[in-house]
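Got your viewer open? Let's take a walk through this one, stop by stop, with something to select at each.

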There are 2 protein chains.
Amino acid sequence: MTAEGELPEDVALLWGLRSGGRRGRKPALTVEDITRAAVRLADAESLAAVSMARVASELGNSTMALYRHVRSKDELLLLMSDAALEEPPTESAPGEWREQLIRWAHDVLTMIRRHPWYRDIPISGPPAGPRNLAWLDRALAALAETALAEEEKLAVVMGLLPLVHGQARLSLDLSAGYAADPESFGEGYARSLARLVDPLRFPALSRVIAAGVFGSGGPPGVDGGGTDRTGPFDELDAEFQFALTCYLEGVAGFIARRAAG
Amino acid sequence: MTAEGELPEDVALLWGLRSGGRRGRKPALTVEDITRAAVRLADAESLAAVSMARVASELGNSTMALYRHVRSKDELLLLMSDAALEEPPTESAPGEWREQLIRWAHDVLTMIRRHPWYRDIPISGPPAGPRNLAWLDRALAALAETALAEEEKLAVVMGLLPLVHGQARLSLDLSAGYAADPESFGEGYARSLARLVDPLRFPALSRVIAAGVFGSGGPPGVDGGGTDRTGPFDELDAEFQFALTCYLEGVAGFIARRAAG
DNA sequence: CGAAACAGCGTAGGACATACACTGAAAGTG
DNA sequence: CACTTTCAGTGTATGTCCTACGCTGTTTCG
């Protein structure tokens, strides 16, 4: 498609622009096939289940066949990280910038929750994959009508990103922990804390414990840790909602100041 | 110390309350030794370098000796995650709640940066380790004088946490990526983007690119990816500062409303 | 002095990523 | 059609990892 000029290897791979000669045996595998199989595996089990051998056998090929299409497992992970992001909705979202960003953050969050392994893939560089950039674009588009400079729009989005990712990671880790050992949450957890936390050493914390905050509302609502996780994350979602609202209120103040001065 | 009653295994381990008989051969290794050695290894190289074999040989023992003190590698990781957190400063911080929380967030951030592997350890449950709770206590203490209910104080802190952790992860991942391949940042990155990003498909994004935002201020300032990373993280720190300010401004509004109503 | 309890060690099994040399198929060239 | 080049997929081997299991030798209690 576009000339492949001098693009970095990784970027070319992400955009499907690996040159590829036209002589020799016809490939039976494509990069897309491999990525899809890996994503399916990760969705069904976990990122740990994604080994080159498993992916290859899932495709009915030998392990080493994959290395013709992918330089290393890290490259495969890179591909997976872009494939996990589904195409963002194209119709422009309704509402002013704040509602749009809230919507965006929730979309990202539920998307990550559909692919819980996403959080375990290390980010090795700035966003470069097509889907990743599509989501970035959508967030920036929400701020298009505001009085912010382009650089400031980016800063707002880049501030939002860790909030969403951090929230996703926290809630998913806790869900996984809860699924693995429900005993360490709720009641039992509260009792352990009460026993261990010395009111002299941890005054503020023990006041919170004494208020019984930890007792009832245990961990996030989890449907069982299965493959498709659309269940209620009410408790933590409320926290996320709160944090998001606070952040955006701060941004609103910033925008108002920009518009005025 | 405190009776070990019915504490969960993990919690007992974290608080150093593993029973341990007094008969038999004297232990040459303690859990603390093992944890310290593992942390030292992770600091010096990476979390991937922390294998049971490496840790054991670092201590001049055989691999399997460690399993007398630790049930699995996951338990060791759990111990490491609490050990990475240094004891928070005990003198109560000056200033009102907002300054204190900013200070707290920066302390946490620099602490994580001193132990970059911290972000790779999966969180398997609610905070239970002594140091972890100490930091939680300090954050809650900052809000002690405010008009918030105990539950709301916790919500404010729990909202702050993903922000800090997400920021830490993002900035460290990017630093690592930059150290591994500086070409994919700055100039080259901007040029790749300009070539790949179709203004029709990504209108908002290409406006940002056209504004030259990506060109100059590339990645975080990194001193080389070595062991001790106290170098300037200026670029991303500014972004973090911005996000933090926005969040806390929202919290301030919330507190004001609580105090009024 | 037994006997029980306990720390550390050696081995072995199963999993992993991947380097390397190989086989055989497709496409171009004469 | 024959021959060569280029490339896809395979098999083997190396070095790493975690950890289950059984053993040896030491310490302390009855």
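**Stop one: the second largest pocket**

Start with an open space: the second largest pocket holds about 1300 Å³. Keep in mind along the way that this is a predicted model. To find the pocket, select Arg18(A), Thr30(A), Val31(A), Glu32(A) and His69(A), which lie nearest its centre among the 41 residues of the lining. Keep His69(A) highlighted, as that residue will come up again at the DNA.

Now switch to a cartoon view of chain A. Which helix of chain A gives the largest share of the lining of this pocket? Colour helix 2 of chain A, since that is the one, with five residues. Helix 2 spans 31–44, and at least two lining residues also come from each of helix 1 (9–14), helix 4 (73–83) and helix 6 (130–142) of chain A. If you colour the lining of the second largest pocket by class, you'll get 17 nonpolar, ten polar and 14 charged residues.

**Stop two: DNA strand D**

Next, show DNA strand D and the 26 residues around it. Those that come nearest are Ala28(A), Ser62(A), Met64(A), Arg68(A) and His69(A). What part of the strand is the protein next to? Of the atoms of DNA strand D within 4 Å of the protein, 65% are sugar and phosphate.

Three contacts are worth zooming in on:

- His69(A), back from the pocket: an N or O atom in its side chain is 2.7 Å from a phosphate oxygen of DNA strand D.
- Arg23(B): here a side-chain N or O atom is 3.2 Å from a sugar or linking oxygen of DNA strand D.
- Gly24(B): a backbone N or O atom lies 3.3 Å from a base oxygen of DNA strand D.

Colour the surface near DNA strand D by class and you'll find eight nonpolar, nine polar and nine charged residues.

**Stop three: DNA strand C**

Move over to DNA strand C, which has 27 residues around it. Select Tyr67(A), Ala28(B), Ser62(B), Arg68(B) and His69(B) to see those that come nearest. Sugar or phosphate makes up 67% of the DNA strand C atoms within 4 Å of the protein, and bases make up the rest.

Which backbone atoms should you look for at the phosphate oxygens? Try Ala28(B), where a polar backbone atom is 2.4 Å from a phosphate oxygen of DNA strand C. Then click on Leu29(B), where a polar backbone atom is 3.1 Å from a phosphate oxygen of that strand. Finish with the side chain of His69(B), which has a polar atom 2.6 Å from a phosphate oxygen of DNA strand C. By class, the surface near DNA strand C comes to nine nonpolar, nine polar and nine charged residues.

**Stop four: how the two chains sit together**

Hide the DNA and look at both chains. How many degrees of rotation put chain B on chain A? The answer is 180 degrees, with 0.0 Å of shift along the axis and an RMSD of 0.1 Å. That is how a two-fold axis relates two copies. The copies meet through the same surface, because 100% of the interface residues of chain B are also interface residues in chain A.

**Last stop: a closed cavity**

There is one cavity of 30 Å³ or more in the structure, and the largest cavity holds about 40 Å³ of space. Select Tyr189(A), Ser192(A), Leu193(A), Leu196(A), Val11(B), Trp15(B), Ala128(B) and Leu133(B) to light up its lining. Helix 8 (residues 186–196) of chain A gives the most to that lining, four residues. Seven of the lining residues are nonpolar, one is polar and none is charged.

Definitions and conventions: Residues are numbered from 1 along each chain as its sequence is written. Chains are lettered from A and ligands numbered from 1 in the order in which they are written. This is a predicted model: local features need pLDDT of at least 70, side-chain atom pairs count only at pLDDT 80 or more; totals for chains, interfaces and linings use all residues. Side-chain values use heavy atoms; hydrogens and water are left out. Copies are superposed by least squares on the C-alpha atoms of residues with pLDDT of at least 70 in both. Contact means heavy atoms within 4.5 Å. On a 1 Å grid over the protein atoms alone, a cavity is a set of points where a 1.4 Å probe fits but cannot get out, and a pocket is an open set with protein on both sides within 12 Å along at least five of seven lines; lining residues have an atom within 4 Å of a point. Grid points are joined across faces, edges and corners, and a volume is the space filled by probe spheres set on the points. Ala, Val, Leu, Ile, Met, Phe, Trp, Tyr, Cys and Pro count as nonpolar, Asp, Glu, Lys and Arg as charged, and the others, Gly among them, as polar. A residue is near a molecule or strand if one of its heavy atoms lies within 4 Å of it. A polar contact is a pair of N or O atoms within 3.5 Å; within protein, one must be able to donate a hydrogen and the other to accept it, and residues adjacent in sequence count only if both atoms are side-chain atoms.
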